[in-house]
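Dear colleague,

I am passing on the structure we spoke about, and it follows directly below. After it I have set out what was found, beginning with how the helices pack and ending with the cysteines.

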Amino acid sequence: MNWIILIIAGLFETGFATCLGKAQETSGKESTYWWIGFFLCLFTSMFLMFKAISGQDGLPIGTAYAVWTGIGAVGGVIVGIFIFKEPATFWRLFFVFTLIASIVGLKAVSH
């Protein structure tokens, strides 16, 4: 269950990075809504991360943090490509896939 919570926390990390980018692109009321989304996603992500590492059955902090930030990084790249129209070059995608492989590897060797 903690792994599922951690994955959801990573998705919310992608959400707060996306909201931050959109808040900087917009102005007025729209920017305010994106800032509110940023803080909601930030709080939710950190709270879920805390839940995943807490307690007797909590995940190891080193592995959990690497997976959490890795999900956020991969999600940020995907959002950047599809929403912010950033380039999807071969090398960029290559390193995203190596990051995904590293995240899966960390989960595989964690107890």
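**Helix packing**

Helix α1 passes helix α2 in a left-handed crossing. Please keep in mind while reading that this is a predicted model. The residues that form the contact of α1 with α2 divide into 17 nonpolar, 6 polar and 3 charged. Helix α1 covers residues 2–25 and helix α2 covers residues 28–53, and the two pack at an angle of about 160 degrees with their axes 7 Å apart. Since angles over 145 degrees count as roughly antiparallel, α1 and α2 are therefore described as roughly antiparallel to each other.

The next pair along the chain is α2 and α3, which pack at an angle of about 150 degrees, with their axes 10 Å apart. These two helices are therefore also roughly antiparallel to each other, but here α2 passes α3 in a right-handed crossing. For α3 and helix α4, the latter being residues 90–109, the axes come within 10 Å and cross at roughly 155 degrees, so that α3 and α4 are again roughly antiparallel. The crossing of α3 and α4 is left-handed.

**Overall layout**

Taken as a whole, the protein has 4 helices and 0 strands, and its pattern, read along the sequence, is α-α-α-α. Along the principal axes, the C-alpha atoms fill a box of roughly 45 × 35 × 15 Å. Of the 111 residues in the protein, 36% are buried.

**The nonpolar core**

The largest nonpolar core has 12 residues, namely I5, L6, A9, L48, M49, A52, L59, A64, V67, W68, I71 and I103. The elements that give two or more residues to this core are α1, α2 and α3, the last of these covering residues 61–82. Helix α3 supplies the largest share of the core, with 4 residues. As general background, nonpolar side chains in soluble globular proteins tend to be buried together.

One further residue that you may wish to look at in the viewer is F38, which is found in helix α2. With a relative accessible area of 11%, F38 is buried, because buried means under 20% on this scale. F38 and L20 are 18 residues apart in sequence, while their C-alpha atoms are 5.9 Å apart in space.

**The cysteines**

As you work at the bench, you may ask how many disulfides the model contains, and the count comes to 0. A disulfide is a covalent bond between the sulfur atoms of two cysteines, and the cut-off used for counting one is a pair of cysteine sulfur atoms within 2.5 Å. The cysteine sulfur closest to that of C19 belongs to C41, and because the distance is 4.6 Å, it is too far for a bond. Looked at from the other side, the closest cysteine sulfur to that of C41 is the one in C19, again at 4.6 Å and too far for a bond.

Are these two cysteines buried or exposed? C19 is buried, with a relative accessible area of 8%, and C41 is buried as well, with a relative accessible area of 15%.

With best wishes

Methods: Residues are numbered from 1 along each chain as its sequence is written. This is a predicted model: local features need pLDDT of at least 70, side-chain atom pairs count only at pLDDT 80 or more; totals for chains, interfaces and linings use all residues. Side-chain values use heavy atoms; hydrogens and water are left out. Buried means under 20% relative accessible area, exposed over 50%, partly exposed in between (1.4 Å probe, protein chains only). Axes are lines fitted to C-alpha atoms, for helices over the stretch in contact, and angles run from 0 to 180 degrees between N-to-C directions. Angles under 35 degrees count as roughly parallel, over 145 as roughly antiparallel, 65 to 115 as roughly perpendicular and the rest as oblique. A crossing is left-handed if the near helix is turned anticlockwise from the far one by less than a right angle, and right-handed if clockwise. Ala, Val, Leu, Ile, Met, Phe, Trp, Tyr, Cys and Pro count as nonpolar, Asp, Glu, Lys and Arg as charged, and the others, Gly among them, as polar. A nonpolar core is a set of buried Ala, Val, Leu, Ile, Met, Phe, Trp, Tyr and Cys residues joined through side-chain atoms within 4.5 Å.
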